Structure formats: C-alpha cells, structure tokens
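Here is a short, friendly tour of a few spots worth finding in your viewer. Have the sequence and the 3D view side by side as you read.

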Amino acid sequence: LYQAGDLCCEPGYRVPPHRQLVYEITYVAEGTGTNSTNGRGQPMSRGDVFVNRIGELHEIQSSKDDPLRFYYLGFRFTGDAEKSAFVRRLRETLDNPANLCLHGVTDMQEAFIRLFSELITDDFLSPSLLEGTIHQIVGTAYRLFSQKRYRAYLADQARETDEKLVYDIIHYLDSHIADIGSLSGLSTVFGYSYTYLAHKFVSITGETLKTYAARRRFEKAREYLCRGMSITSVAEALGYQSIHAFSRAFHREIGLSPREYKRWAEDNRNPPGDSPILQKKELFP
C-alpha cells in the first residue's frame with residue numbers, strides 16, 4: 001500500500017499533473033470532472049472507475065458546478081510477489097492501456113469504505129483485514145476490466161433467475177440506450193410485461209427501471225457532448241422529438257443546460273492553470 005484517500009473537491013479544484021509512481025485505482029463517489037492520462041481527457045461521473053499505471057502523467061480537474069468526491073488506492077507489487085503467476089495475470093490487465101475507465105460500477109464503493117475503516121481502526125486485526133480489502137479492490141478492478149463476471153452465491157434459485165433477468169436488462173440498456181424509445185418495448189425483447197420487468201428490477205437493484213434508464217441515457221448524452229456533437233445531434237440520437245424537450249430533461253437531470261455542459265466540457269479538455277487547493281482530505285498521505 002502506497003497511499004489511499006477520500007478526496008472531497010471544492011468547485012474547480014485541480015489535482016496538478018504528476019508522474020505515477022505506483023498503480024492507482026480511482027472510484028468516483030459523487031460529482032463530475034475530468035481525468036487526464038498522458039494528455040488524454042476522460043469525463044468523470046459517479047460510478048466511474050479509472051486505472052492509472054506507473055509512469056503515466058496524471059491529473060484530475062473537478063467541475064465547478066458539481067464538485068468531485070473520489071476514493072483512490074495507490075499500490076505496487078514488491079519482492080517475490082512481483083514474480084508470481086498470480087501477479088503476472090493481474091498485471092496483464094492492469095498494464096493494458098486500453099483499460100482506462102469503466103462506467104456505472106456499483107460494487108466497489110463498499111470495499112473502499114471498509115479500507116478506510118481499517119486504516120483508522122488500527123487494532124491487531126487491521127493489517128490482515130486491510131490486506132484482504134486491498135486484494136478485493138484490485139481483484140474487482142481485474143474482473144471489471146477483463147470482463148470476468150462475478151457470480152454471487154444465492155440460496156434461493158428463484159432469486160438467481162430474477163437476478164439473471166435483471167442483469168440481462170441492464171446489459172441490454174447499456175448496449176442499446178441510444179436506440180430505445182419507450183421502455184415499454186422491453187416487454188417485446190424479454191417476453192414479460194413491462195410491469196413485471198419493472199417490479200423485478202427494483203426488487204433486485206433497489207432502483208427503478210425508469211431511473212436507471214434515465215441515468216444511462218444522460219450519461220450517453222454527456223459522452224456525446226464531450227465528443228463535440230452538436231446539441232441538436234445529441235437530441236436526435238437519443239430520440240427526443242425536439243431540442244427543447246431534450247434541454248429541459250437534461251437540465252432537470254444534470255443541473256446544467258446542454259449548452260452549459262458542452263461549454264464546460266470544451267473548457268476542461270485542456271484545463272487552465274492550477275486552481276487553488278481549497279480542501280483536501282487524505283487518510284493515508
């Protein structure tokens with residue numbers, strides 16, 4: 001373990017460019033911003049996971065309107081462990097420059113909270129539990145980026161069937177969110193009524209199907225705007241009948257108009273000079 005922290009950014013706060021001395025896994029808990037690796041900027045939002053590798057030039061810029069809060073873990077492999085087949089398999093995935101960012105991750109925040117809890121507990125069990133939690137975070141990142149699906153043990157076979165259905169719905173929405181008009185069309189895809197699908201979705205995830213689809217739709221909208229697409233083109237791509245309807249919905253969800261968000265994205269592709277450090281919390285400097 002090299003460092004770990006929970007960083008709450010003030011509006012516009014910038015983590016200045018620095019050369020990575022270790023691997024670093026970052027999980028976005030709240031807000032929006034930009035993660036830049038070797039000059040390549042990626043938008044950051046809640047549920048995103050980023051991996052940065054040793055030697056990369058790294059910086060983070062927080063949004064002025066929706067400040068970031070993110071957790072991070074810096075680590076490296078040492079001694080005999082670095083030569084093991086176990087570590088070699090991990091590094092094959094971690095060292096792949098294509099494995100930079102994943103969106104919509106829900107199963108990493110709890111592990112970070114446990115990590116921070118062990119760092120401040122400091123009893124005779126803490127070193128062992130801390131090591132296990134670090135392994136869990138690194139292992140979860142490996143599974144996410146290598147697309148190895150984790151299978152949870154379920155005592156109730158019926159619940160396992162429901163979970164598979166919900167997993168398939170999530171996968172379908174993530175893959176086709178820009179092409180889906182009305183969510184009622186999911187009944188044709190999966191062979192169940194929309195009411196049944198919506199009930200199973202909220203019972204498994206705790207989130208309504210409508211809320212999840214809206215979040216994924218606006219994540220796609222932000223992605224398109226960051227790519228430089230016009231607001232009209234984004235509205236059309238996501239199936240809105242008018243730019244005004246899209247703008248109202250976007251502002252209601254994001255808190256900025258599409259024009260304001262697009263301007264922010266353009267301004268943060270090449271962040272200006274250092275912003276003042278207003279607040280920083282590190283649990284393990």
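## A patch of negative charge

Asp65 sits in the loop that links strand 7 (57–62) to strand 8 (69–75). This is a predicted model, so please read the values below as computed from its atoms.

Is Asp65 buried or exposed? With a relative accessibility of 53%, Asp65 is classed as exposed, because the cut-off for that class is over 50%. Asp65 also has company: together with Glu30, Asp66 and Glu260, Asp65 belongs to a surface patch of negative charge.

## A nonpolar patch

Now turn to another loop, the one between helix 2 (109–121) and helix 3 (126–146), where you will find Phe124. Phe124 has a relative accessible area of 72%, so Phe124 counts as exposed, the cut-off being over 50%.

Which residues form the nonpolar surface patch with Phe124? They are Leu125 and Leu129, and the three together have about 340 Å² of accessible area.

## A buried threonine

For a buried residue, look at Thr34 in strand 4, which covers residues 32–37. The relative accessible area of Thr34 is 8%, and Thr34 is therefore buried, since the cut-off is under 20%.

What does Thr34 touch, once neighbours within four places in sequence are set aside? The contacts of Thr34 are Gly41, Gln42, Met44, Glu59, Ile60, Gln61, Trp264 and Asn268. As for Ser45, its C-alpha lies 8.6 Å from that of Thr34, with 11 residues separating the pair in sequence.

Methods
Residues numbered from 1 in each chain as written. Predicted model: local features only at pLDDT ≥ 70, side-chain atom pairs only at ≥ 80, totals over all residues. Heavy atoms only, no water. Patch = residues over 30% accessible without salt bridge, like charges linked within 9 Å, V, L, I, M, F, W, Y side chains within 5 Å. Areas by Shrake-Rupley, 256 points an atom, 1.4 Å probe, with all protein chains shown as cover. Salt bridge = Lys/Arg side-chain N within 4 Å of Asp/Glu carboxyl O. Helix = DSSP H or I, 4+ residues; strand = E, 2+ residues; numbered from the N terminus. Buried < 20%, exposed > 50% of the residue type's maximum accessible area, 1.4 Å probe, protein only. Lys, Arg positive; Asp, Glu negative; His and termini not counted. Charge placed at Lys NZ, Arg CZ, Asp CG, Glu CD. Contact = heavy atoms within 4.5 Å.
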